[in-house]
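Here are a few exercises to work through with the model open in your viewer. Try each task before you read its solution.

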Amino acid sequence: MTAASILRFFLRRDRVLAWVAALAVGASGCAAAGGQRVPDALHGSVVDPPWPRPHVTLVTTDGRPFDFFEATKGTLTLVLFGYTNCPDVCPMHLGTIAAVKNRLTGVEANRMKVVFITTDPERDTPEVLSQWLGSIDREVIGLRGTREQVARAEDAFHLGRSTKLQDPRGTVEHAATVVAITADDSVRALYPFGTRQEDWLDDLPKLLARGKTP
Amino acid sequence: MTWWCSATGLPWTWEWRAYPGIWIVVVLFAVILARSLGRDARGPSRRAVLYGATAVIALWIGLDWPLGTLGSGYLLSVHTVQYVLLTFGAAPLALHAVSLGAKPRGRVARFLAHPLVGLAGFNLILALTHVPSFVDALMPNQWGSFLVEMGWLVGGLMLWWPVQAPAPASRLSDPLKMGYLFLSTIPPTIPSAILVFADLPLYRLYELAPRVNGISAKADQQVAGLIMKLVADPIVWLAIGLVFFRWQREERRDEGSPPPTPHSSALIPS
């Protein structure tokens with residue numbers, strides 16, 4: 001078979017190749033098309049009407065009381081509940097947010113706070129919680145409380161209450177949602193597990209812009 | 001029933017898992033290879049058996065637990081190791097084993113030995129199996145994962161056949177084989193560079209997979225890009241070197257005699 005006959009072979013099958021190429025381009029384009037959004041739209045679920053920033057008091061990893069409203073008011077705050085032995089959701093959410101924070105400007109990063117509230121206060125001692133959060137992002141505020149205090153905090157954030165299962169791994173079922181509270185002290189959006197870095201990178205500047213002091 | 005590795009979203013553990021589909025494919029591959037080797041009237045050489053067995057082992061390691069499990073649902077870097085094992089390990093070793101004794105005469109064998117066919121087939125499969133939306137859609141499904149991994153094997157066979165095909169199917173002289181192999185290293189530079197230099201994780205699957213040993217999605221992606229170039233390319237360079245030395249040896253041997261046939265077969269001297 002000569003080179004010319006090979007060429008003829010491909011020319012005869014140009015439509016097949018075109019289909020394959022179109023399939024590949026289409027597949028990559030689908031994601032982009034699916035991601036097309038109006039400029040102000042958020043990737044998270046928008047809370048409409050927004051809820052007010054909750055009032056809860058818990059304890060930091062160095063044992064000081066933490067009045068959530070007073071300590072975070074006027075700041076973009078991302079809140080999530082979880083536990084240090086969580087195998088997937090918690091390290092994923094925190095790692096994703098930490099990676100995106102590193103890509104924001106210093107000014108932007110300083111205008112937001114990330115708060116992690118443990119749903120496993122028995123195992124997540126202050127030392128354990130502090131060490132674990134430090135391994136992901138030293139600036140995350142770790143909070144603890146009694147089971148009752150944590151349950152009240154979950155209620156205040158409109159999230160389902162966590163449950164500790166009686167399995168050998170000590171699994172704690174908890175809300176896999178990150179609550180975004182903007183600087184105007186309103187809960188604006190909820191981010192489920194599966195929110196990607198590109199989504200956060202797109203949304204954080206928008207969330208920072210909301211409630212910004214003129 | 002779990003018969004092939006695929007992404008499950010479950011946390012990673014070192015607990016062994018059985019994948020019967022993979023064992024069937026590996027056994028089928030071994031049987032087809034053994035039958036091909038058995039066609040040699042003199043019986044397969046020990047060298048051919050050795051290369052064939054190594055190809056089967058490379059395929060098995062590349063598909064089965066733990067590489068298959070980690071690569072299909074946890075780490076892109078391991079997914080790339082699988083790609084290298086299948087495309088640059090199992091495929092050329094199997095073809096080399098076959099080339100030591102076979103004399104393929106069919107039109108298909110000769111058609112597939114054309115360098116354009118080899119490069120087109122390999123690069124098309126390389127491109128499709130690295131498009132993020134394809135990988136994200138296929139890898140959580142056992143059939144999808146099967147398709148991607150078998151695609152790599154087929155892509156590898158297509159890439160290496162123009163170099164390994166023995167006479168009369170062979171089309172390339174040794175210098176052209178070296179040029180062909182060098183050309184084959186250029187297109188993978190594109191996905192490799194994209195993986196290394198991308199600002200964000202490209203694959204939803206690996207970005208949101210449960211973390212293994214705290215390796216971040218971005219670091220995993222960068223390692224994957226490096227493996228694609230720094231592990232796969234040296235294998236091709238080694239092949240270029242082997243062809244070069246064989247060519248030189250034959251040139252010296254044939255000095256003063258009529259020029260050698262351009263259809264020398266085996267990549268590695270037998």
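**Exercise 1. Aromatic pairs**

Task: In this predicted model, find how many aromatic pairs there are over all chains, then classify the pair of Phe68(A) and Phe157(A).

Solution: Start with the count, which comes to 20 aromatic pairs over all chains. Next, recall that a pair of aromatic rings is described by the distance of the centres and the angle of the planes. For Phe68(A) and Phe157(A), the centres are 5.2 Å apart and the planes make an angle of 80°. Planes over 60 degrees apart count as edge-to-face, so the pair of Phe68(A) and Phe157(A) is edge-to-face. Finally, place the two rings: Phe68(A) is in helix α3 (residues 68-72) of chain A, and Phe157(A) is in the loop between α7 (147-156) and β7 (163-164) of chain A, so the pair ties together parts that are 89 residues apart in sequence.

**Exercise 2. Backbone exceptions**

Task: Locate the residue with a positive phi in the loop between α7 and β7 of chain A, and place the cis peptide bonds that end at Pro49(A) and Pro168(B).

Solution: Keep the background in mind: most residues other than glycine have a negative phi, and most peptide bonds are trans. In the loop between α7 and β7 of chain A sits His158(A), whose phi is positive, near 60°. Asp48(A) and Pro49(A) are joined by a cis peptide bond with omega about 0°, and Pro49(A) belongs to strand β1 (residues 45-52) of chain A. In chain B, a cis peptide bond links Ala167(B) to Pro168(B), with omega about 5°. Pro168(B) is in the loop between α8 and α9 (174-184) of chain B.

**Exercise 3. Two packed helices**

Task: Work out how α4(A) and α6(A) are oriented and which residues make their contact.

Solution: Helix α4 (residues 89-101) and helix α6 (residues 126-136) of chain A pack at about 45°, with axes 9 Å apart. The two helices are therefore oblique to each other. On α4(A), the contact uses Cys90(A), Pro91(A), Leu94(A), Gly95(A) and Ala98(A); on α6(A), it uses Trp132(A), Leu133(A) and Ile136(A). By class, that gives 7 nonpolar, 1 polar and no charged residues.

**Exercise 4. The largest pocket**

Task: Describe the volume and lining of the largest pocket.

Solution: The volume first: about 660 Å³. Its lining has 21 residues, with Ile32(B), Ser36(B), Leu95(B), Val98(B) and Trp161(B) nearest the centre. Among the elements of chain B supplying at least two lining residues each are α4 (76-99) and α8 (142-164), while α1(B) gives the largest share, 6 residues. Sorted by class, the lining has 16 nonpolar, 2 polar and 3 charged residues.

Note on methods
Residues numbered from 1 in each chain as written. Chains lettered and ligands numbered in written order. Predicted model: local features only at pLDDT ≥ 70, side-chain atom pairs only at ≥ 80, totals over all residues. Heavy atoms only, no water. 1 Å grid on protein atoms, 1.4 Å probe; cavity = no way out; pocket = protein on both sides within 12 Å on 5 of 7 lines; lining within 4 Å. Points joined across faces, edges and corners; volume = space filled by probe spheres on them. Helix = DSSP H or I, 4+ residues; strand = E, 2+ residues; numbered from the N terminus. Nonpolar A, V, L, I, M, F, W, Y, C, P; charged D, E, K, R; others polar. Axes fitted to C-alpha atoms, helices over the stretch in contact; angles between N-to-C directions. Parallel < 35°, antiparallel > 145°, perpendicular 65-115°, else oblique. Contact = heavy atoms within 4.5 Å. Phe/Tyr/Trp six-rings, centres within 6.5 Å; stacked < 30°, edge-to-face > 60°.
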